[in-house]
Amino acid sequence: MNGAQLIVAALEEEGVEVVFGYPGGAIMPVYDALHDSGLRHILSRHEQGSALAADGYARATGRTGVCMATSGPGGTNLVTGIANAYADSVPMVAITGQVATPLMGTDSFQEVDIFGITMPVVKHSFLLRDVADIPRVIREAFRIASEGRPGPVLIDLPKDVAVAETDAHPLLAGPQPAPKLPDAAAISRAAELLRNAERPVLYAGGGIAIAGAVDAFRRYAETSGIPVVATLKALGALPTRHEQFIGMLGMHGTRAANNAVQNADLLVCVGARFDDRATGRLDGFAPLAKVIHMDADPAEVSKLRVADVALLGDLSGTLERLPAAEIDVDPWMAQCEREREECRPRYDAPGEGVYAPAMLRELTEAAGDDLVLACDVGQHQMWVAQHCHIDRPDRHLTSGGLGTMGFGMPAAIGAQLGNPDKQVVCITGDGSIMMNVQELATINRYRLPIKILLLDNSCLGMVRQWQDLFFDGRRSEVELDDNPDFVRVAESFGIPAFCVERRDEVPAAIDRLLNTEGPVLAHVRIDPQANVWPLVPPGKSNSTMMEEA
Amino acid sequence: MKHTLKLSVQPAEGAILRIIGLVERRGFNLVRIDADRSGADEQLYMELDVVSPSRSIDVLKRQLEKLYDVINVLLLNTNSDQFEIKESKAC
C-alpha cells in the first residue's frame, strides 16, 4: 500500500464516515485511494465550504469533522474554516496535499507553507515527511483534535510521501484517558462561595455542549435553582423556554440577563471564556461578583477575569461533584424572572412588511423537536439568538468566535449529512449567502433536504446599523441593492425557491418551507432599516444598554 | 515587568516558531531568546525573556504548556502561583 492508501485506511480505522473536500494536483493520490475505501466524500465547490461543512458536521454530531484540499490555493482556502473551528473549539482534522519534498522551499507550482500559515489557528499540526509516520500522526491528530478543549489539527502531506510504498498499518485507537477532575480542595472552596452567596448566577458557555455536559448542567441548574444566563454558543444548554433561563448576556443579550450578572454576588462560569461580546467593558462586568470558573482548558482561567476558584477538568464530573447552593435563591430568582418578564420582546411591529424576529419565532414554534438551525453571521444571527426557541446547543450552529459570514450553508450541509433524519434550516442574509453561494451546488448535488430562509434587507445590516449609531450615519459600502434575483439564483442551481414580501404571507411561507420535500429556499424581503435591539455599545459596560427609540 | 521562561521542548518541525509566535501573538515582547539542542539528550531547551505592560505571565505560561511539543515550562523570576485564590480586583 502507498502513503495515501494508508491515510485513507487510517481514517477508516478512526471511524470516519464522511470527508469534505476538493481534489487537486498534490492530493490526487489520496483521491485515487478514496476509490477503494468506504469513506463518503462530499465535494464542495470551494475549499472554504469543505472546512465549514466539516465544522458543522462536528458541531451537530459531536464527532471529529474531516476536510481535505490540495496544496497552495486549496490549503489557503481552507484557512477561514480552520480558524472558525479554532475560535469555537470544534474538533477537526484538515488534510492538505503538499508539493513533493524535493520541491518544498523552491517556490514551486501551487506551493505554500500551509503548515506555517495555519500555525496561529490550529491546536497542533504535522508535516508528514516519512510515510512510516502516517499511522502515528493520524492517531495523534484525532486524539489531539477531540481531547480536552477540542480544536483543529492540520496534516500536510507531500505528494512523494503519499505515493511512497509502505508496510505500515493503521494504529488502533486506544482507550480514552480518564477525564481530569478538579481536586477536592477546590471543590470545597467553590462550595463555600456558593454557601455564602445571596445572588448567584450560572454563566453558561459553549464548553457545556463541547464537553457533552448538557445533562449534567441541567441537573445542577435545576437542583440548585440558580438563575441561568448563556452566551451565544450556550443557548439551549438550558432550553430557552425554561423558567430558570433569564436570557443571553452581552452585546445583544437581554436587559434581564445583563442585569442579573451586574447584580450577582457570585458568578459560576461553566465552560465560558469571558469573551468581549459577552462581557462588554471588562472592568465593569459583574462588578460585585466573586467568580468560580469551570473549564477544561487551564489557560482560560484568569485570562480576562481573575477567578476566585478555578475548577479545572471535565465539566460533567465537576458539576456532579459540586454541591448545590445551600441557600434560599427563591427571592433572587423571582427578581430575575420579574425583570425577564418586563423586558420580553414585542412582536407587534407596525406595518405590513415581514418582521424578521416574529417570523423566526414562528418558524421555531412551527418546526418539530428535531430542528437544527445553522446560522450565518449578522443581524439575522442575533435575531435567531434572541427570538428562536432553542432546546439544545447542538441544534443551534453559529459562528460565535470568528463570526464567519458564509458559515451557514456549509454548516447546514455538514449538519444534514451527520443527521439525515433531522430537519436542518439555514438562516442566512443577503450578505452572508453570497460568501458561499456556490454551496447551493453541493446541496443540489446530494439532494440534501436543507431549508434555506434568506432574510434580505438589501444591505449589510449590522454594519449599516453600526454606521448609523456610531459613525454619524455615514453609510459606507453597505448598500446591496444590486443583489441578484435570489429565487432565480436558487432555481438555476436546481433548488426550488419562492419569494415572501408581506407579513400575511408568513404562515404559509413557513409551512411551505418546512414541508417541501427536498431542498428549498425562501427569499424573504425585510425592512432595510430594521435594527437589532437591545445593544451594548462597543467598549461600554453591559449596564449601558441601548434600546429601540 | 520582565520575566524569564525556561522551556523543555520535544524537537519537532515548527516547534520553535510555534513557541515564538504564541508569545508575540498573546501580547508579549521577546527581548532575549536562547535555544540549544546540542546536548546528548537531543532535547531542545529554550530560555525566553519576555515583557508585557499588562498581560498575565501565569496565563502565558499555561498557554505555552498547552503546546504539544512543549514538555514543561518554568517561570524563573516570579513568586506568583497561578492557582492560588486571589481576590477579584472588581470586588
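How many salt bridges are there between chain A and chain B? The count is 2, where a salt bridge is a side-chain nitrogen of Lys or Arg within 4 Å of a carboxyl oxygen of Asp or Glu.

A word on the ground rules. This is a predicted model, with local features needing pLDDT of at least 70 and side-chain atom pairs counting only at pLDDT 80 or more, while totals for chains, interfaces and linings use all residues. Residues are numbered from 1 along each chain as its sequence is written, chains are lettered from A and ligands numbered from 1 in the order in which they are written, and side-chain values use heavy atoms, leaving out hydrogens and water.

**Chain A overall**

Chain A carries 22 helices and 18 strands, counted as DSSP runs (H or I over at least four residues for helices, E over at least two for strands) numbered from the N terminus. Its C-alpha atoms fill a box of roughly 70 × 60 × 45 Å along the principal axes. The radius of gyration of chain A is 24 Å, which agrees with the value near 24 Å for a compact globule of 549 residues; that rule is 2.2 Å times the number of residues to the power 0.38, and the radius is taken over C-alpha atoms. The domain assignment splits chain A into domain 1 (3-163), domain 2 (184-342) and domain 3 (356-525), with bounds that come from an automatic or database assignment.

**Chain A meets chain B**

The contact (heavy atoms within 4.5 Å) draws 29 residues from chain A and 19 residues from chain B. Together the two chains bury about 2100 Å², 55% of it on carbon and sulfur atoms; buried area here is the accessible area (1.4 Å probe) that two parts lose on being put together, summed over both. One of the salt bridges joins B:Lys66 to A:Asp297. There are also 6 residue pairs in polar contact, both residues at pLDDT 80 or more. Such a contact is a pair of N or O atoms within 3.5 Å; within protein, one must be able to donate a hydrogen and the other to accept it, and residues adjacent in sequence count only if both atoms are side-chain atoms. On the chain A side, β5 (124-127) and α6 (134-146) each bring at least two residues, and β5(A) has the largest share with 3 residues.

**Domain 2 meets domain 3**

Inside chain A, the centres of domain 2 and domain 3 sit 30 Å apart, taken over C-alpha atoms. Their contact uses 18 residues from domain 2 and 16 residues from domain 3. The buried area is about 1400 Å², with 60% from carbon and sulfur atoms. On the domain 2 side, A:Leu232, A:Arg241 and A:His252 lose the most area, together 40% of what that side buries. The rule finds 1 salt bridge across this interface, and A:Arg241 also pairs with A:Asp391 in a salt bridge.

**Salt bridges side by side**

Over all chains the count comes to 37 salt bridges. Here are a few, including one within chain A that involves helix α6.

| Pair | Closest N to O distance |
|---|---|
| B:Lys66 and A:Asp297 | 2.7 Å |
| A:Arg241 and A:Asp391 | 3.9 Å |
| A:Arg139 and A:Glu14 | 2.7 Å |

A:Arg139 lies in helix α6 and A:Glu14 in the loop between α1 (3-13) and β1 (18-21) of chain A, so this pair ties together parts that are 125 residues apart in sequence.
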